[in-house]
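Ready for a few exercises? Have a look at the chain below, try each task yourself, and then read the worked solution.

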Amino acid sequence: MTPSRTAVVVLGCSASLLATGCGNGGDGVATTTSSATPADAAGAAVKTASVQIASFKFLPATVTVASGGRVTWVNRDKAPHTAQNTGEPGAGGDGVFDTGRLTRGQHQSITFSKPGTYHYYCVYHRFMEANVIVR
């Protein structure tokens, strides 16, 4: 490969990485957004938390709220998603919840009154799993 061709390839790859690897890729999807306070990152319980559904993931994967706290799921993906705990063995928590089908831009809030760890998933994409910890 000639030196000028190598420079074009390197510049092209750099531009591509900048366009796709930084920021939100231009589609308005935030990769980490939470209405929780910074203390939430350390596991402290807060009254409200937000979970963004983006790139077929729940972000953040674990939120911690106080008893009586509310979690809001916001779908930022093009595909529909759910957040659901069916109460099945290993799901944890003391109750069942389901946001229902959320299409892009839709959101749903659930209030958690009983302490425990609620493992949940997307019914359409079973590999998408996360947790709500209620203290």
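Contact here means heavy atoms within 4.5 Å. Keep in mind that this is a predicted model.

**Exercise 1. Describe the chain as a whole.**

Task: State how many helices and strands the chain has, in what order they run, and what share of the contacts with a separation of 6 or more joins residues 24 or more positions apart.

Solution:
- Step 1. Count the elements: the chain has one helix and eight strands.
- Step 2. Read from the N terminus on, and the order is α-β-β-β-β-β-β-β-β.
- Step 3. Turn to the contacts with a separation of 6 or more: 50% of them are between residues 24 or more positions apart.
- Step 4. Add the burial: of the 135 residues in the chain, 33% are buried.
- Step 5. Finish with the surface: about 7,500 Å² is accessible, and carbon and sulfur atoms account for 58% of this area.

**Exercise 2. Look at the backbone around strand S2.**

Task: Find out what kind of peptide bond joins Leu59 and Pro60, and describe phi at Ser55 and at Phe56.

Solution:
- Step 1. Start with a rule of thumb: most residues other than glycine have a negative phi, and most peptide bonds are trans.
- Step 2. Locate Ser55 in the loop between strand S1 (46–54) and S2. Its phi is positive, near 55°, though Ser55 is not a glycine.
- Step 3. Move on to Phe56, which is found in the loop between S1 and S2. Phi of Phe56 is positive too, at about 60°.
- Step 4. Judge the exposure. Ser55 has a relative accessible area of 53%, so it is exposed, since exposed means over 50%. Phe56, at 34%, counts as partly exposed.
- Step 5. Go past strand S2 (57–59) to Pro60, in the loop that leads to strand S3 (62–75). The bond between Leu59 and Pro60 is cis, with omega about 0°.
- Step 6. Place Pro60 in space: its C-alpha is 8.4 Å from that of Ser50, and the two are ten residues apart in sequence. With 28% relative accessibility, Pro60 is partly exposed.

**Exercise 3. Explore the largest nonpolar core.**

Task: Which residues have the most contacts inside the largest nonpolar core, and which strands each supply at least two of its residues?

Solution:
- Step 1. The core has 21 residues, and Phe58, Val71, Trp73, Phe112, Tyr120 and Val132 have the most contacts inside it.
- Step 2. S1, S3, strand S6 (107–112), strand S7 (116–121) and strand S8 (129–134) each supply at least two residues of this core.
- Step 3. Zoom in on Phe58. Beyond its neighbours within four places in sequence, Phe58 touches residues including Val51, Ile53, Trp73, Tyr120 and Met128.

**Exercise 4. Follow the aromatic rings.**

Task: What is the geometry of the pair formed by Trp73 and Tyr120, and which parts of the chain does the pair tie together?

Solution:
- Step 1. Count the aromatic pairs: there are nine.
- Step 2. In the pair of Trp73 and Tyr120, the ring centres are 5.3 Å apart and the planes are at 85°. Angles over 60 degrees count as edge-to-face, and this pair is edge-to-face.
- Step 3. Trp73 is in strand S3 and Tyr120 in strand S7, so the pair ties together parts 47 residues apart in sequence. Both residues are buried.
- Step 4. Widen the view: Phe58, Trp73, Phe97, Phe112, Tyr118 and Tyr120 form one aromatic cluster.
- Step 5. Visit one more ring, that of Tyr121: the charged end of Arg126 sits over it, 3.6 Å from the ring centre.

Note on methods:
Residues are numbered from 1 along each chain as its sequence is written. This is a predicted model: local features need pLDDT of at least 70, side-chain atom pairs count only at pLDDT 80 or more; totals for chains, interfaces and linings use all residues. Side-chain values use heavy atoms; hydrogens and water are left out. Helices (H or I, at least four residues) and strands (E, at least two) are DSSP runs, numbered from the N terminus. Buried means under 20% relative accessible area, exposed over 50%, partly exposed in between (1.4 Å probe, protein chains only). Accessible areas come from the Shrake-Rupley method with a 1.4 Å probe; for residues, only the protein chains shown count as cover. A nonpolar core is a set of buried Ala, Val, Leu, Ile, Met, Phe, Trp, Tyr and Cys residues joined through side-chain atoms within 4.5 Å. Rings of Phe, Tyr and Trp (its six-membered ring) pair if their centres lie within 6.5 Å; planes under 30 degrees apart count as stacked, over 60 as edge-to-face and the rest as tilted. A charge sits over a ring if NZ of Lys or CZ of Arg is within 6 Å of the ring centre and within 35 degrees of the ring normal.
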